[in-house]
Amino acid sequence: MMTEVRKTPWHLWVVGILGLLWNLIAVTDYTFAKMKSDWYMKEVGQFTAEQIAWFGNFPFWANVGWALGVWGSFLGALLLLMRSRHAVSAFIVSAAGLLTMTIYQFVLKKDEFMGLFGPGPMYFTIVIWVILIALYLYARRQAAAGVLR
């Protein structure tokens, strides 16, 4: 039995490219933070020494969550552009990582985190969740429609 090959809709390119660009922000942030780049953390991020120390003191499991969140979503956007059904799974992995970091920052370490960074990151995390869920739902819909193989 042969499956019908569907033409790539124009919106997949728009969503995929925008998703990739969005996730490049997270990849850049993650990479420079892990490299402990003074230039990025102090000049670009304008973080204080206490805030920089916060990033360096994540427990192992929170670091794993951060990595899964960032790289899972980046991979999901790449797989979406490649028309791979595995984009759906990559976005699920990313959501698991983001959930881990959300719990760490806003449940387990809420007072410490809010004292160091204020409410801004909480609002930004909501934006990240909305975009991630939208990318997941889009990928799932395209997979169901036979656009992703």
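**Group meeting: an all-helix model**

The accessible surface of this protein comes to about 9000 Å², and 69% of that belongs to carbon and sulfur atoms. Keep in mind that what you see is a predicted model.

Overall layout, then. The protein has 7 helices and 0 strands, so from the N terminus on the order of elements simply reads α-α-α-α-α-α-α. Taken along the principal axes, the C-alpha atoms fill a box of roughly 60 × 30 × 25 Å. There are 149 residues, of which 38% count as buried. For contacts in the protein with a separation of 6 or more, residues 24 or more positions apart account for 76%.

Next, helix 5, residues 86-108. Its 23 residues reach 32 Å from the first C-alpha to the last, close to the 33 Å expected at 1.5 Å a residue. Which residues of helix 5 are buried? Among them are Ala87, Val88, Ala90, Phe91 and Ser94, and further along Gly97, Leu98, Met101, Thr102 and Gln105. The cover over the buried residues of helix 5 includes helix 3 (49-56) and helix 4 (60-81), as well as helix 6 (110-117) and helix 7 (120-144).

Last, the surface. Trp10, Trp13, Val14, Ile17, Leu18, Leu21 and Leu24 form a nonpolar patch there, with about 720 Å² of accessible area together. On spacing: an α-helix has 3.6 residues a turn, so residues three or four places apart point the same way. Leu24, one of the patch residues, sits in helix 1, residues 10-34. Why does Leu24 count as partly exposed? Because its relative accessibility is 35%, and the partly exposed class lies between under 20% for buried and over 50% for exposed.

How values were computed: Residues are numbered from 1 along each chain as its sequence is written. This is a predicted model: local features need pLDDT of at least 70, side-chain atom pairs count only at pLDDT 80 or more; totals for chains, interfaces and linings use all residues. Side-chain values use heavy atoms; hydrogens and water are left out. Helices (H or I, at least four residues) and strands (E, at least two) are DSSP runs, numbered from the N terminus. The expected span of a helix is 1.5 Å times one less than its number of residues. Buried means under 20% relative accessible area, exposed over 50%, partly exposed in between (1.4 Å probe, protein chains only). Contact means heavy atoms within 4.5 Å. Patches are made of residues with over 30% relative accessible area and no salt bridge: like charges are joined within 9 Å, nonpolar side chains (Val, Leu, Ile, Met, Phe, Trp, Tyr) within 5 Å. Accessible areas come from the Shrake-Rupley method with a 1.4 Å probe; for residues, only the protein chains shown count as cover. A salt bridge is a side-chain nitrogen of Lys or Arg within 4 Å of a carboxyl oxygen of Asp or Glu.
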